[in-house]
Amino acid sequence: MAAQTKVAVIYYSATGITYQMAQAACEAAGEAGADVRLRKVRELAPDEAIRSNSGWQAHHLDTQDVPEAMIDDLAWADVALFGSPTRYGMIAAQLKQFIDTTGPLWSQGALANKVYAAFTSTATSHGGQETTLTSLFNVFYHWGGVVVPPGYTDSSQFIAGNPYGASHTSNNGEIAPDAVALEACGLTARRAVLIGTALKQGLGG
């Protein structure tokens, strides 16, 4: 019997929007038969900044039990999905800081030949969704990874409209991910697991 495909869902979320998307990705990956780890990256903002925003403070407290991501989680995974809100069309500094710690794995070639996918959220319509996702893809290319986007591989994507990865517009954190965004997260995760499993089996894993 083939070993389960191992999936790490690694995200940053301030007020919980991207966290909800990460949960949807985890659920879909699990339903697709994967062994899944949900990991948040370390918060870099000072406590006073977090306390100044009630939504940020509440989410920070609500997710205290979510384990923090370590580079060992990437070493373990066959598939990794990264999630981040947009910051000026790029990923959040918290996720970038985690990525910057992966040099030891990269230098050993330990991040190559894995499957990667991504999801994001923005405060306003468009707001850098595509540039945030493609900026993450640049990291995956450097790692030698296999990037698996949702594309227009399901009719739901003609409503969601983002072939690069799942995305959502939150109106500054006021609007939770709807069924369209959550289904896009699920599709992104299922495709990553499908390709990751095929690649794992092809490499004799």
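Is Tyr 88 buried or exposed? In this predicted model, Tyr 88 counts as exposed, because its relative accessibility is 84% and the cut-off for exposed is over 50%. You'll find Tyr 88 in the loop between strand E3 and strand E4 (90-91). Along the chain, Tyr 88 and Thr 131 are 43 residues apart, yet their C-alpha atoms are separated by 9.3 Å.

**Two pockets**

Let's start with the largest pocket, which has a volume of about 450 Å³. It is lined by 22 residues, and the closest to its centre are Pro 85, Thr 86, Arg 87, Ala 123 and Asn 172. Helix H1 (17-31), strand E3 (79-87) and strand E5 (115-122) each give two or more residues to that lining. E3 gives the most.

The second largest pocket comes in at about 300 Å³. Nearest its centre lie Gln 129, Ala 160, Ser 167, His 168 and Thr 169. Here the elements that give two or more lining residues are helix H7 (129-143), helix H8 (157-160), strand E7 (166-169) and helix H9 (179-202).

Here is how the two linings look side by side:

| Pocket | Lining by class | Element with the largest share |
|---|---|---|
| Largest | seven nonpolar, 14 polar, one charged residues | E3, three residues |
| Second largest | four nonpolar, nine polar, two charged residues | E7, three residues |

**Helix H7, from pocket to core**

H7 is worth a longer look. How far apart are the end C-alpha atoms of H7? They are 22 Å apart, which agrees with the 21 Å that its 15 residues should span at 1.5 Å a residue.

Which residues of H7 are buried? They are Gln 129, Thr 132, Leu 133, Leu 136, Phe 137, Val 139, Phe 140 and Trp 143. These buried residues sit on the same side of H7, because they cover an arc of only 155 degrees around the axis. Over on the other side of H7, Tyr 141 and His 142 are exposed. Just past the end of H7 comes Gly 144, with a positive phi of about 85 degrees.

Two of those buried names turn up elsewhere in the model. Gln 129 is one of the residues nearest the centre of the second largest pocket, while Trp 143 is among the residues with the most contacts inside the largest nonpolar core.

**The nonpolar core**

That core has 29 residues, and Ile 10, Leu 74 and Phe 82 join Trp 143 as those with the most contacts inside it. Strand E1 (6-11), helix H4 (71-76), E3, helix H5 (93-99), E5 and H7 each give two or more residues to the core. Which element gives the largest share of this core? It is H7, with six residues.

E3 and E5 both appear in the list for the core, and both also give two or more residues to the lining of the largest pocket.

**Helix H1**

Back at the largest pocket, H1 is another of the elements that give two or more residues to its lining. H1 has 15 residues and reaches 22 Å from its first C-alpha to its last, close to the 21 Å expected at 1.5 Å a residue. Its buried residues are Ile 17, Thr 18, Tyr 19, Met 21, Ala 22, Ala 24, Ala 25, Cys 26, Ala 28 and Ala 29. Just after H1, Gly 33 takes a positive phi of about 100 degrees.

Key. Residues are numbered from 1 along each chain as its sequence is written. This is a predicted model: local features need pLDDT of at least 70, side-chain atom pairs count only at pLDDT 80 or more; totals for chains, interfaces and linings use all residues. Side-chain values use heavy atoms; hydrogens and water are left out. On a 1 Å grid over the protein atoms alone, a cavity is a set of points where a 1.4 Å probe fits but cannot get out, and a pocket is an open set with protein on both sides within 12 Å along at least five of seven lines; lining residues have an atom within 4 Å of a point. Grid points are joined across faces, edges and corners, and a volume is the space filled by probe spheres set on the points. Ala, Val, Leu, Ile, Met, Phe, Trp, Tyr, Cys and Pro count as nonpolar, Asp, Glu, Lys and Arg as charged, and the others, Gly among them, as polar. The expected span of a helix is 1.5 Å times one less than its number of residues. Buried means under 20% relative accessible area, exposed over 50%, partly exposed in between (1.4 Å probe, protein chains only). The arc is that of the directions from the helix axis to the C-beta atoms. A nonpolar core is a set of buried Ala, Val, Leu, Ile, Met, Phe, Trp, Tyr and Cys residues joined through side-chain atoms within 4.5 Å.
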